[in-house]
Amino acid sequence: KAKQLLNVIKSGSTAGITPTTAPMKPTEPLTRIATLTKMYSYFKNAVHNSQPAREYISSRALDYTKVEVGYNSGQFHHGTRREEALIQSCLQAGLLTEAGLSTKTGEKAYQVFGKWCIVFALRNGQGQVTGLYLRSTVNDKDQKHYYLKNREGLYPCYPQPETKKLILTEAVIDGATLLQIPAITSQYSILACYGTNGLTEEHREALNQLKNLDEIIFAFDNDAAGNAAVKRYTQELAAQLPQIKYSTLELPENEDINSTAQTHSLEIFPHLLEKRTE
């Protein structure tokens, strides 16, 4: 009998045995950070597969081999990529919204946030992706800038603690432009504001942590709105950080960092920094 039982075990026979199978748990949506990290990696890879995206990035004086940038073609939830857990994660993060049923397949349809946009990651103090900034490649007039809901994080990241000189740009794409220049990144940290009204509390808290900071250099657009913002923020930050120097990088009239890069060599920016005014 012992031999017979041993043979049954060796053969894998289940005769006379009632199987017990644990019920499968539904896959849980990812956390926000995990979702955005996964999607930003996907968006970065998508640049290699999209000639229109590469052409647009190049037209903005950006080199995707030198600066992190992604592209949202709006296809990440289709076909073999249609994973329910990923869809639920993207719904929670705001990358998708429900749009009824598809007229072709009868399945749930979704609207993609920031479709046909290039994508930049916003990061928290630990370097994790906590937000996304998207710039339309097909609409330069109206709704061309997008931030993912519940915006959190800074671009390109929180400045290093040892930062002494910090350049504040008006926009993310301006910050990305300067990140391509080793002569600048070797001497300066770069931090992008989110428009002329986009120096947030998170920016201010990050600045407070820089114990070695001795200068903030504004590289805002040289137009009425940009110049007014520089004046306002200089006064506000001087009250917060009175011990440091404040200066301005003077761009061509009515130009910003990125538009200047489109019509000049990138070598113009170290030259302009040398001539910055206090």
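This is a short tour of aromatic pairs, charges over rings and salt bridges, to follow in your viewer. Keep in mind that the model is predicted.

**Stop 1: a Phe–Phe pair**

There are 10 aromatic pairs in the structure. Start by selecting phenylalanine 43 and phenylalanine 76. How do these two rings sit? Their planes are at 75° and their centres 6.0 Å apart, so call this one edge-to-face. Now colour by secondary structure: phenylalanine 43 belongs to helix H2 (residues 32-48), while phenylalanine 76 is in the loop between strand E1 (70-72) and helix H4 (84-93). The contact therefore ties together parts that are 33 residues apart in sequence.

Turn on a surface and try to find the two rings. Phenylalanine 43 has 0% relative accessibility and counts as buried. Phenylalanine 76 is buried too, at 2%.

**Stop 2: tyrosines on two strands**

Next, pick tyrosine 133 and tyrosine 147. These rings are 5.1 Å apart centre to centre, with 50° between the planes, which makes a tilted pair. Tyrosine 133 is part of strand E5 (residues 129-136) and tyrosine 147 part of strand E6 (residues 145-147), so here the pair joins parts 14 residues apart in sequence.

Buried or partly exposed: which is tyrosine 133, and which is tyrosine 147? Tyrosine 133 is buried at 2% relative accessibility, whereas tyrosine 147 is partly exposed at 25%.

Now widen the selection. Phe120, Tyr155 and Tyr194 join Tyr133 and Tyr147 in one aromatic cluster.

**Stop 3: charges over rings**

Stay on tyrosine 147 and add arginine 151. The charged end of arginine 151 sits over the tyrosine ring, 4.6 Å from its centre. So tyrosine 147 has a tilted ring partner in tyrosine 133 as well as a charge over its ring from arginine 151.

For another case, jump to arginine 232 and tyrosine 233. Arginine 232 lies over the face of that ring, 4.7 Å from the ring centre.

**Stop 4: a helix-to-helix salt bridge**

On to charged pairs. Side chains of opposite charge can pair when their charged atoms come close. The count of salt bridges here is seven.

Select glutamate 236 and arginine 204, whose side chains meet in a salt bridge at 2.8 Å, N to O. Glutamate 236 sits in helix H8 (residues 224-240) and arginine 204 in helix H7 (residues 201-208), so the bridge ties parts 32 residues apart in sequence. Glutamate 236 is partly exposed, at 33% relative accessibility. Arginine 204, at 14%, counts as buried.

**Stop 5: the network around glutamate 215**

Finish with glutamate 215 in the middle of your view. Which residue bridges to glutamate 215 with closest N and O atoms 3.1 Å apart? That's lysine 165. Lysine 165 lies in strand E7 (residues 165-169) and glutamate 215 in strand E9 (residues 215-219), so this pair ties together parts 50 residues apart in sequence.

Then bring in arginine 276, which meets glutamate 215 in a salt bridge at 2.8 Å, N to O. Arginine 276 is in the segment after helix H10 (268-274), 61 residues away from glutamate 215 along the chain.

Check the surface once more. Glutamate 215 is buried, with a relative accessible area of 1%. Lysine 165 is partly exposed at 27%, and arginine 276 is partly exposed at 21%.

To complete the picture, add Asp214 to the selection: Lys165, Asp214, Glu215 and Arg276 are linked in a network of salt bridges.

Notes: Residues numbered from 1 in each chain as written. Predicted model: local features only at pLDDT ≥ 70, side-chain atom pairs only at ≥ 80, totals over all residues. Heavy atoms only, no water. Phe/Tyr/Trp six-rings, centres within 6.5 Å; stacked < 30°, edge-to-face > 60°. Helix = DSSP H or I, 4+ residues; strand = E, 2+ residues; numbered from the N terminus. Buried < 20%, exposed > 50% of the residue type's maximum accessible area, 1.4 Å probe, protein only. Lys NZ or Arg CZ within 6 Å of the ring centre and 35° of its normal. Salt bridge = Lys/Arg side-chain N within 4 Å of Asp/Glu carboxyl O.
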